[in-house]
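Hello,

Here is the structure I said I would pass on. Please open it and keep it in view while you read.

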Amino acid sequence: MSVLESGSLAALLTPAHHALRERARDFFTDARLAGWREPANGPLTGRAWRELGEAGYLGVSLPTEFGGAGLGVLGSLVLGEAVSRLGDVGLPLGMHVQNEVACQWLVDADPVLRAEFLPRLLDGRLVACQADTDPSADEPTTAVRDGDDLVVNGAKLFVINGAVAGLCFTRVLLDGSPAIVAVDKDRPGVRVAEVYDKLGTRSADSARLEFTDVRVPATRVVSSGGVGRHLRWNRVMTLLRFLIAADAALVHRRLLDRVTRYAGERALGGRPLAAWPVNSHALARFRADLELVEAGVARACARLDAGAWPVPEVAALKWFCVERACALAAACCDLEGGAGYMWGNPSLRDLAQLRGLRMAGGSQTTMLTITNHSFAARAEWDTAGVAR
Ligand SMILES: Cc1cc2nc3c(=O)[nH]c(=O)nc-3n(C[C@H](O)[C@H](O)[C@H](O)COP(=O)(O)OP(=O)(O)OC[C@H]3O[C@@H](n4cnc5c(N)ncnc54)[C@H](O)[C@@H]3O)c2cc1C
């Protein structure tokens with residue numbers, strides 16, 4: 001069983017989704033992932049991205065008129081299910097950035113820019129990253145106009161795909177307002193200052209990028225200024241957060257299946273662990289969570305596929321799915337006793353992956369802030385009778 005078998009999503013799956021599901025199940029194997037990583041247990045190489053492109057796993061959700069497979073958000077979820085089995089959330093995060101974040105920026109960008117980059121993103125010759133996190137609020141990355149160019153200065157932290165990427169969708173302050181600029185990494189002044197060692201999500205690199213007097217043509221601005229920028233930013237991030245929520249939901253089911261088996265087999269004090277009320281109630285609560293988590297993912301997926309942009313709902317969903325999966329992973333480690341502390345333990349490994357999802361796509365605290373502000377704003381509009 002998986003979230004894709006839940007009633008509402010199962011009904012939306014087309015023959016093309018089913019075909020992708022079967023194909024991806026065979027393609028994404030532990031052996032293939034191991035062959036893609038360098039060093040062992042490290043991030044994906046550039047060659048892996050080309051193989052992903054050649055095999056048709058890049059641009060799955062993108063409409064066909066832009067060169068994608070046209071399978072929508074549901075297609076990304078189908079792909080996410082197959083990739084999730086590999087047990088490392090780095091690869092799905094890296095693929096979401098390539099498939100959804102980068103492609104979405106380019107779909108809405110100037111056609112010349114799109115033609116320059118999109119085909120190479122789809123065949124994996126080019127990898128993208130989203131460079132967003134500044135060292136602090138007082139140290140924003142800036143872009144200053146100079147003739148027909150922009151000059152970019154600043155640093156970005158913890159960027160997924162940052163080392164392997166050739167193209168950075170970089171959030172800058174331009175003319176005092178936030179903007180997104182596509183910066184190619186081979187320009188003078190762009191430097192990978194650090195590739196972080198990290199707890200989980202290791203199949204994608206995380207890097208610190210530095211930009212020192214980097215010149216790019218002003219035509220590289222993919223989004224800037226005003227309400228339009230805000231809406232586009234929200235759309236891109238909502239897509240990413242939805243997929244992160246779905247990643248957590250997939251891990252939740254895997255953890256619950258495994259711990260249910262384990263607690264049924266492991267006997268302590270004359271009965272299985274699962275037969276002690278304290279444990280059976282805990283497992284029942286996590287099962288109840290799974291019902292809500294999968295229903296939320298199915299509902300959000302259907303809404304996104306129908307063209308809606310439920311920004312606060314998806315922020316709340318990401319918060320809930322990640323919180324509950326983290327709590328379950330920690331409980332699984334406890335139930336497995338000392339074994340749950342040993343590095344080879346699958347629950348501990350999942351916990352390490354899930355910790356990354358607490359920050360990826362925006363922190364859990366930020367998800368609550370978005371939810372709170374958006375619902376408060378909607379309530380004000382409704383009271384004032386403003387159409388939305
Ligand atoms: C696995 C992973 C993948 C990532 N991928 C990317 C990526 O691809 N690109 C990228 O640019 N960044 C990426 N990040 C970075 C991530 O987006 C940030 O770490 C996250 O947004 C938090 O920002 P920060 O690290 O600067 O922490 P801080 O901003 O210092 O925040 C620290 C903590 O304080 C909380 N906090 C902040 N402000 C407030 C407040 N006003 N009130 C209460 N609490 C507050 C935050 O929610 C957070 O929990 C990734 C991080 C991880 C772990």
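Below are my notes, from whole domains down to single residues.

Keep in mind that this is a predicted model.

**Domains**

The domain assignment splits the chain into three parts: domain 1 (3-122), domain 2 (128-223) and domain 3 (227-378). UniProt has its own labels. An unreviewed entry there puts "domain: Acyl-CoA dehydrogenase/oxidase N-terminal" at residues 14-124. That span is 65% helix and 0% strand. Its end C-alpha atoms lie 26 Å apart. An unreviewed entry also puts "domain: Acyl-CoA dehydrogenase/oxidase C-terminal" at residues 237-370. Here the chain is 78% helix and 3% strand. The end C-alpha atoms of this span are 12 Å apart.

**Where domain 1 meets domain 3**

The C-alpha centres of domain 1 and domain 3 are 21 Å apart. In domain 1, 27 residues are in contact with 25 residues of domain 3. Together the two domains bury about 2400 Å² between them. Of that area, 72% is on carbon and sulfur atoms. Which three residues of domain 1 supply more of its buried area against domain 3 than any other three? They are Val3, Val73 and Trp105, with 26%.

**Helix α2**

Now find helix α2, residues 15-27. Check its length first. It has 13 residues, and at 1.5 Å a residue they should span 18 Å. The end C-alpha atoms are 18 Å apart, so the model agrees.

Next, look at which residues are hidden. His17, Leu20, Arg21, Ala24 and Phe27 of α2 are buried. Why do they line one face of the helix? Seen down the axis of α2, the buried residues fall within an arc of 135 degrees, so they share one face. A general rule helps here. An α-helix has 3.6 residues a turn, so residues three or four places apart point the same way. On the other side of α2, Pro15, Glu22 and Asp26 are exposed. What covers the buried residues? The cover includes α3 (30-36), α4 (46-54) and α5 (72-84).

**Three residues to click on**

*Met95.* This residue sits in helix α6, residues 90-107. Met95 counts as buried because its relative accessibility is 3%, and the cut-off for buried is under 20%. Leaving out residues up to four places away in sequence, Met95 touches Phe28, Trp49, Leu52, Tyr57, Leu79, Val83 and Glu100. Take Leu79 from that list. Met95 and Leu79 are 16 residues apart in sequence, and their C-alpha atoms are 9.7 Å apart in space.

*Thr45.* Look in the loop between α3 and α4. Is Thr45 buried or exposed? Thr45 is buried, with a relative accessible area of 17%. Apart from neighbours within four places in sequence, Thr45 is in contact with Trp36, Glu38 and Val164.

*Gly154.* This residue lies in strand β3, residues 149-160. Gly154 is partly exposed, because its relative accessible area of 25% falls between the 20% and 50% cut-offs. Not counting residues up to four places away in sequence, Gly154 touches Thr141, Leu209, Glu210 and Phe211. Gly154 and Ala182 are 28 residues apart in sequence. In space they are 14 Å apart, C-alpha to C-alpha.

Start with α2, then work through the three residues.

Best wishes

Methods. Residues are numbered from 1 along each chain as its sequence is written. This is a predicted model: local features need pLDDT of at least 70, side-chain atom pairs count only at pLDDT 80 or more; totals for chains, interfaces and linings use all residues. Side-chain values use heavy atoms; hydrogens and water are left out. Helices (H or I, at least four residues) and strands (E, at least two) are DSSP runs, numbered from the N terminus. The expected span of a helix is 1.5 Å times one less than its number of residues. Buried means under 20% relative accessible area, exposed over 50%, partly exposed in between (1.4 Å probe, protein chains only). The arc is that of the directions from the helix axis to the C-beta atoms. Contact means heavy atoms within 4.5 Å. UniProt positions are given in the numbering used here, feature names are shortened, and annotations may be inferred rather than shown by experiment. Domain bounds come from an automatic or database domain assignment. Buried area is the accessible area (1.4 Å probe) that two parts lose on being put together, summed over both.
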